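Subject: A structure for you to look at

Hello,

I hope your week is going well. Here is the structure I promised to pass on, and I would be glad if you opened it before reading further.

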Amino acid sequence: MQPIVTVVIATRDRAAYLERLLGCIREQDFTIFECLVFDDGSAPETIALYEDIWRELDHRFRLILRAPQERQPGGPSRIRNRGIMEASIYRVLRRRRSLGP
């Protein structure tokens, strides 16, 4: 089934926080979603922790690493734009805003 909600998460060197956050998302009753996690240049040891976390998740979760040629972190704007390009849906809900009909 095609996801009807895309959750976009930007992260950098925050494996413990990300593990708790993804656990909360995974436990939701609503299951028709995809969760795209964009890493914006974490250290290699953090990437190794992410790989451990990913072993416990299903196909709805994707980890997207910053391309090696991108030497500087892209920041939230670049992450949001990449999330829009990768998402299965096209409406964007920013925090503290609501969707209309």
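Below is what turned up in it, starting with the chain as a whole and then moving to a few places of interest.

Please keep in mind that this is a predicted model. The chain has a mean pLDDT of 79, with 82% of its residues at 70 or more. Among the parts of the chain, strand 2 (residues 33-39) has the highest confidence, at 89, while helix 3 (residues 75-86) has the lowest, at a mean of 77. Residues 96-101 call for some care: pLDDT stays under 50 there, and the model has five contacts for them beyond four places in sequence.

Now the overall layout. There are three helices and three strands in the chain, and along the sequence they follow the pattern β-α-β-α-β-α. Of the 101 residues, 33% are buried. If you take the contacts with a separation of 6 or more, 76% of them join residues 24 or more positions apart.

How do helix 1 and helix 2 pack? The axes of helix 1 (residues 15-26) and helix 2 (residues 44-54) are 10 Å apart and make an angle of about 20 degrees. Angles under 35 degrees count as roughly parallel, so helix 1 is roughly parallel to helix 2. Their crossing is right-handed. On the helix 1 side, the residues that meet helix 2 are Ala15, Leu18, Glu19 and Leu22. Their partners in helix 2 are Thr46, Leu49, Tyr50, Ile53 and Trp54.

The loop between strand 1 and helix 1 is worth a look too, and Arg12 lies in it. With a relative accessibility of 41%, Arg12 counts as partly exposed. Arg12 and Asp40 are 28 residues apart along the chain, yet their C-alpha atoms are separated by 5.3 Å. Beyond its neighbours within four places in sequence, Arg12 is in contact with Asp39, Asp40, Gly41, Ser42, Tyr50 and Pro73. A polar atom of the Arg12 side chain lies 3.4 Å from the backbone oxygen of Gly41. Tyr50 appears here again, having already come up among the helix 2 residues that meet helix 1.

Asp13 lies in the loop between strand 1 and helix 1 as well. Its phi is near 55 degrees, a positive value in a residue other than glycine. For background, most residues other than glycine have a negative phi. Asp13 is partly exposed, with a relative accessible area of 38%.

Two further residues are linked through Glu34. Is Thr6, in strand 1 (residues 5-11), buried or exposed? Thr6 counts as buried, because its relative accessibility is 17% and the cut-off for buried is under 20%. The side chain of Thr6 makes a polar contact of 2.6 Å with the side chain of Glu34.

Glu34 is also one of the residues touched by Arg60, which is found in the loop between helix 2 and strand 3 (61-65). Arg60 counts as buried, at 12% relative accessibility. Not counting residues up to four places away in sequence, Arg60 touches Arg26, Thr31, Phe33 and Cys35 in addition to Glu34. The side chain of Arg60 also makes a polar contact with the side chain of Asp58, at 2.9 Å.

Do write back if you would like to go through any of this together.

Best wishes

Technical notes
Residues are numbered from 1 along each chain as its sequence is written. This is a predicted model: local features need pLDDT of at least 70, side-chain atom pairs count only at pLDDT 80 or more; totals for chains, interfaces and linings use all residues. Side-chain values use heavy atoms; hydrogens and water are left out. pLDDT is the predictor's confidence in each residue, from 0 to 100. Helices (H or I, at least four residues) and strands (E, at least two) are DSSP runs, numbered from the N terminus. Contact means heavy atoms within 4.5 Å. Buried means under 20% relative accessible area, exposed over 50%, partly exposed in between (1.4 Å probe, protein chains only). A polar contact is a pair of N or O atoms within 3.5 Å; within protein, one must be able to donate a hydrogen and the other to accept it, and residues adjacent in sequence count only if both atoms are side-chain atoms. Axes are lines fitted to C-alpha atoms, for helices over the stretch in contact, and angles run from 0 to 180 degrees between N-to-C directions. Angles under 35 degrees count as roughly parallel, over 145 as roughly antiparallel, 65 to 115 as roughly perpendicular and the rest as oblique. A crossing is left-handed if the near helix is turned anticlockwise from the far one by less than a right angle, and right-handed if clockwise.
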